[in-house]
Amino acid sequence: MTSTMIVLIVGIVVVLTAVYISWRAGRLDRLHIRLELAQESLDAALMRRRAVVLELAGSRLLDPATSLVLAAAAHEARSAGPDEREHAESDLSRTLRAVADQERFREKLAESPGGRELLEELDAAVAKVVYSRRFYNNAVGVTRTAQRRWLARTLRLAGHTEYPQFFEIDDNPPAAMATE
């Protein structure tokens, strides 16, 4: 083999390695963008659910005690800090389940003026939270796996970003909502 051939082979290997590293870095960047979009979608879904619950609580279609409990749970979820957020959103889910699973809750609300529209909004908001959280947690898992690969760790392709955290809440919909 001539020295020109060796230089050519080494050059090709260096170029292919650089292309692969660039591709991995680009993939990791796209995963972080996907994660940010999933986070924004989850935040919007949680905000929408809180807004619909507050609208239901203020609608005067429920008894005062139930309205107060719903409004308090929605307010707690809205004002919770980052460390208490998962717990507050889980409390809102449990409160919503306790209210919506009361006997004939859906029928009574549907019979009220504007109640059917409010139920449809609530169903959509609850379902959106479930799907958004699953999508977000999926994005977290894929991103964490990519960040843990030896090449990403060795070359610090993720920069100094921390591992994203899963968002674990009790988001089970009320039984009455799941059947319709």
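**Figure 1. Helices H1 and H5 pass each other in a left-handed crossing.** Welcome to the first close-up of this predicted model. The axes of H1 and H5 come within 8 Å and cross at roughly 155°. That angle makes H1 roughly antiparallel to H5, because angles over 145 degrees count as roughly antiparallel. For orientation along the chain, H1 covers 3–57 and H5 covers 115–148.

**Figure 2. H2 and H3 also meet in a left-handed crossing.** Here the two axes come within 8 Å, with a crossing angle of roughly 160°. H2 is therefore roughly antiparallel to H3. On the H2 side, the contact is made by Thr 66, Val 69, Leu 70, Ala 73, Ala 74, Glu 76 and Ala 77. Facing them from H3 are Ala 88, Glu 89, Leu 92, Thr 95, Leu 96 and Val 99. Keep an eye on Leu 70 and Thr 95, as both return in later views.

**Figure 3. H1 and H3 pack at an angle of about 45°.** Their axes are 12 Å apart, and the two helices are oblique to each other. The crossing of H1 and H3 is left-handed. From H1, the residues making the contact are Gln 39, Asp 43, Leu 46, Arg 49, Arg 50 and Val 53. From H3, they are Arg 85, Glu 89, Leu 92, Ser 93 and Leu 96. Glu 89, Leu 92 and Leu 96 of H3 are also listed in the contact with H2.

**Figure 4. The largest nonpolar core has 23 residues.** Which members touch the most others? They are Val 53, Leu 56, Leu 70, Phe 105 and Leu 122. Helices H1, H2, H3, H4 and H5 each give two or more residues to this core. Within that list, H2 spans 64–79, H3 spans 85–100 and H4 spans 105–111. A second, separate core holds eleven residues, among them Ala 38, Ala 45, Val 140 and Phe 167.

**Figure 5. A closer look at Leu 70 and its contacts.** Setting aside neighbours within four places in sequence, Leu 70 is in contact with Val 53, Leu 56, Ala 57, Leu 62, Thr 95, Leu 96 and Val 99. Two of these partners, Val 53 and Leu 56, are listed with Leu 70 among the core residues that touch the most other members. Thr 95, Leu 96 and Val 99 appear on the H3 side of the contact with H2.

**Figure 6. Thr 95 sits in helix H3.** Is this residue buried or exposed? Thr 95 is buried, with a relative accessible area of 16%, since the cut-off for buried is under 20%. Leaving out neighbours within four places in sequence, Thr 95 is in contact with Val 69, Leu 70 and Ala 73. The side chain of Thr 95 reaches the backbone oxygen of Asp 91 at 2.8 Å. Measuring from C-alpha to C-alpha in the model, Thr 95 and Ala 74 are 9.2 Å apart in space and 21 residues apart in sequence.

**Figure 7. Asp 171 lies in the loop between helix H6 (150–154) and helix H7 (175–179).** At 7% relative accessibility, this aspartate counts as buried. Which side chain does the side chain of Asp 171 meet in a polar contact? The partner is Arg 133, at 2.8 Å. Apart from neighbours within four places in sequence, Asp 171 is in contact with Ser 93, Val 129, Val 130 and Arg 133. Ser 93 is also among the H3 residues that make the contact with H1. The C-alpha atoms of Asp 171 and Val 126 are separated by 7.9 Å, although these residues are 45 apart along the chain.

**Figure 8. His 32 has its place in helix H1.** With a relative accessible area of 18%, His 32 is buried. Not counting residues up to four places away in sequence, His 32 touches Thr 143, Gln 147, Ala 158 and Thr 161.

**Figure 9. Arg 60 and Arg 104 in their loops.** Most residues other than glycine have a negative phi. Arg 60 is not a glycine, yet has a positive phi of about 65°. Arg 60 is found in the loop between H1 and H2 and counts as exposed, at 79% relative accessibility. Arg 104, likewise not a glycine, has a positive phi of about 60°. The loop between H3 and H4 holds Arg 104, which is partly exposed with a relative accessible area of 40%.

Terms used
Residues are numbered from 1 along each chain as its sequence is written. This is a predicted model: local features need pLDDT of at least 70, side-chain atom pairs count only at pLDDT 80 or more; totals for chains, interfaces and linings use all residues. Side-chain values use heavy atoms; hydrogens and water are left out. A nonpolar core is a set of buried Ala, Val, Leu, Ile, Met, Phe, Trp, Tyr and Cys residues joined through side-chain atoms within 4.5 Å. Buried means under 20% relative accessible area, exposed over 50%, partly exposed in between (1.4 Å probe, protein chains only). Helices (H or I, at least four residues) and strands (E, at least two) are DSSP runs, numbered from the N terminus. Contact means heavy atoms within 4.5 Å. A polar contact is a pair of N or O atoms within 3.5 Å; within protein, one must be able to donate a hydrogen and the other to accept it, and residues adjacent in sequence count only if both atoms are side-chain atoms. Axes are lines fitted to C-alpha atoms, for helices over the stretch in contact, and angles run from 0 to 180 degrees between N-to-C directions. Angles under 35 degrees count as roughly parallel, over 145 as roughly antiparallel, 65 to 115 as roughly perpendicular and the rest as oblique. A crossing is left-handed if the near helix is turned anticlockwise from the far one by less than a right angle, and right-handed if clockwise.
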